[in-house]
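Please look through the structure below with the sequence beside it, and follow the paragraphs from one part of the fold to the next.

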Amino acid sequence: MIEDLAKNLIHLKKNFVNTYDGKSQIQEVIPLSTSDSFPIPQQNLDLLHQFATMNPIYYNSFEETVGDTICIVYEGDINKYWLSSIQYGTSYAPFSPTWIMSAYVAVLLAKEIGFREIIDIGSGDGRIAFCAKILNLESYSIEIDDMLVKLQNQLTTPLNFHPYCSDATTFDYSSLNLSNPVFFIGGLAQMGGIELASGVFEKIKSIPNLKNIGWVLAGTYSQKYPTDPKNEAGWGTLIDKNNLKSIQTISLPTAWTFHESEETPYIFTQSFD
Amino acid sequence: MSSFDDISQMFHSEYDKLVNLINSASTQSDLSLHDIVETYYQIMNMSSMITMLKQQLGSNDHKSLFGKIIESEKLISEKFNHTIHPQILQNLEKSIQETTKNLQSNSSEQKSKEEIESDAKLYEELRKKMSTKEFVEQYGKGLSDD
């Protein structure tokens, strides 16, 4: 069911790309109502719309039928956040969000696998952590850029997804009392993701009795980036080195693949140490 | 025309292009990003040709071409590397700082859809400047490794 949801979302995105003629820097769609293609509880869809409506990165929205799905199109601009994020020496990748619908589908898969806590590393506007709360998971959102954390704090009503302004490679994860967590690593492997993930691995290893930890890694097959000799969309060497097992990969639309033919592969892995 | 004549003619023609680009770069403080990239590509192109030809030609062979090669080397090393390259880098840094400051100073204002989309072009220009600066810096790193 989740795989079908992801395929339908990609289909929706491709239809949207063909018809969209706006000039916004980023844009995405969220179906207005539950349907056969998007069998998402209406109250959850309403919360996704609420997140977009309250979010200052979106400056315009309008209703549009994309294929046979009535959607709201959200047009946004993240330039000022990009300008802020590049000034941090320890910031690994400039802010560029996944689609809100993609965040929801990815968290849905994490929940189905059995994780109970979502920790969004390099969380941007906190959309993954927000979606986790919609799906009744505990969530924590770690972001180094204080401008983005201020933005997140505007979005924590009605669901508090616990934003923290911190360098994820020095954050004290033992303070969260995690038991069955999955970490979503923001940033492609080639855009500082390896350094970010490696730093978080080291911190997590020092927590006793924390096992079967999940790691979700956003990859790319784009020829713009160097490939990893062990593949996995740029993450193969890191997966091998840290003895992670790949569980599943699911492709989903993101802001940075809007004009690309291939979506972003989210690689779900788990450590069994 | 012999193969050597072809090579010699090509080298002279590339040298002329280089001189024109270097002259423009030394007289204009606001070179376009396109012109900056074109100039560096021509420098790299000429440097590769010089390396290759020096391996193939002795200083006593083809004196006219050899003289041009030495002249080109001198132009690149003395005029471009020591004077123009640092100036281009400095101008890019200054321009990036100014654009960044301008964008930061008006980023908190409430803006219309049209204003946001117009500003987006300035941000795109800033990204291009930063990317060009990285390219220019890479060239500089190559010089310090030599």
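In chain A, helices H4(A) and H5(A) pass each other in a right-handed crossing. This is a predicted model, and every feature described here should be read with that in mind. The axes of H4(A) and of helix H5, residues 127-134 of chain A, are 9 Å apart, and the two helices pack at an angle of about 55°. That angle belongs neither to the roughly parallel range, which ends at 35 degrees, nor to the roughly perpendicular range, which begins at 65, and H4(A) and H5(A) are therefore oblique to each other.

The residues that bring this pair together can be found in the sequence. On the side of H4(A) the contact is made by Ile100(A), Ala103(A), Tyr104(A), Ala106(A) and Val107(A), while H5(A) contributes Arg127(A), Ile128(A), Cys131(A) and Ala132(A). Sorted by character, the residues of this contact divide into eight nonpolar, no polar and one charged.

H4(A) also takes part in a second packing. Helix H2, residues 42-54 of chain A, and helix H4, residues 100-113 of chain A, have axes that come within 10 Å and cross at roughly 135°. This value makes H2(A) oblique to H4(A), because an angle has to be over 145 degrees before it counts as roughly antiparallel. The crossing of H2(A) with H4(A) is right-handed. Which residues meet where H2(A) passes H4(A)? From H2(A) come Leu48(A), Phe51(A) and Ala52(A), and from H4(A) come Ile100(A), Met101(A) and Tyr104(A). The residues of the contact of H2(A) with H4(A) comprise six nonpolar, no polar and no charged.

From the helices we can turn to the loops of chain A, where some details of the backbone deserve a careful look. In the loop between helix H6 (146-153) and strand S6 (163-165) of chain A lies Pro158(A), and the peptide bond that leads from Thr157(A) to Pro158(A) is cis, with omega near 10°.

Farther along the chain, Asn231(A) sits in the loop between strand S8 (214-218) and helix H8 (236-241) of chain A, and although Asn231(A) is not a glycine, its phi is positive, at about 60°. Is Asn231(A) partly exposed or buried? Asn231(A) has 13 other C-beta atoms within 10 Å and is partly exposed, because a residue counts as exposed at 12 or fewer such neighbours and as buried at 20 or more. Asn243(A), in the loop between H8 and strand S9 (244-252) of chain A, is a residue other than glycine with a positive phi, near 55°. With 10 C-beta neighbours inside 10 Å, Asn243(A) counts as exposed.

Chain B can now be brought into the picture. Ten residues of chain B are in contact with nine residues of chain A. On the side of chain B that touches chain A, helix H3 (63-105) and helix H4 (113-145) of chain B each supply at least two residues, and the largest share, six residues, comes from H4(B). The residues on this side of chain B divide into four nonpolar, three polar and three charged.

A last point concerns confidence. Chain B averages a pLDDT of 89, and 94% of the residues score at least 70. In chain B, confidence is lowest in helix H1 (residues 3-27), with a mean of 90, and highest in helix H2 (residues 33-56), at 93. The model scores ipTM 0.77 and pTM 0.85.

Note on methods:
Residues are numbered from 1 along each chain as its sequence is written. Chains are lettered from A and ligands numbered from 1 in the order in which they are written. This is a predicted model: local features need pLDDT of at least 70, side-chain atom pairs count only at pLDDT 80 or more; totals for chains, interfaces and linings use all residues. Axes are lines fitted to C-alpha atoms, for helices over the stretch in contact, and angles run from 0 to 180 degrees between N-to-C directions. Helices (H or I, at least four residues) and strands (E, at least two) are DSSP runs, numbered from the N terminus. Angles under 35 degrees count as roughly parallel, over 145 as roughly antiparallel, 65 to 115 as roughly perpendicular and the rest as oblique. A crossing is left-handed if the near helix is turned anticlockwise from the far one by less than a right angle, and right-handed if clockwise. Two residues are in contact if their C-beta atoms, placed from the backbone, lie within 7 Å. Ala, Val, Leu, Ile, Met, Phe, Trp, Tyr, Cys and Pro count as nonpolar, Asp, Glu, Lys and Arg as charged, and the others, Gly among them, as polar. pLDDT is the predictor's confidence in each residue, from 0 to 100.
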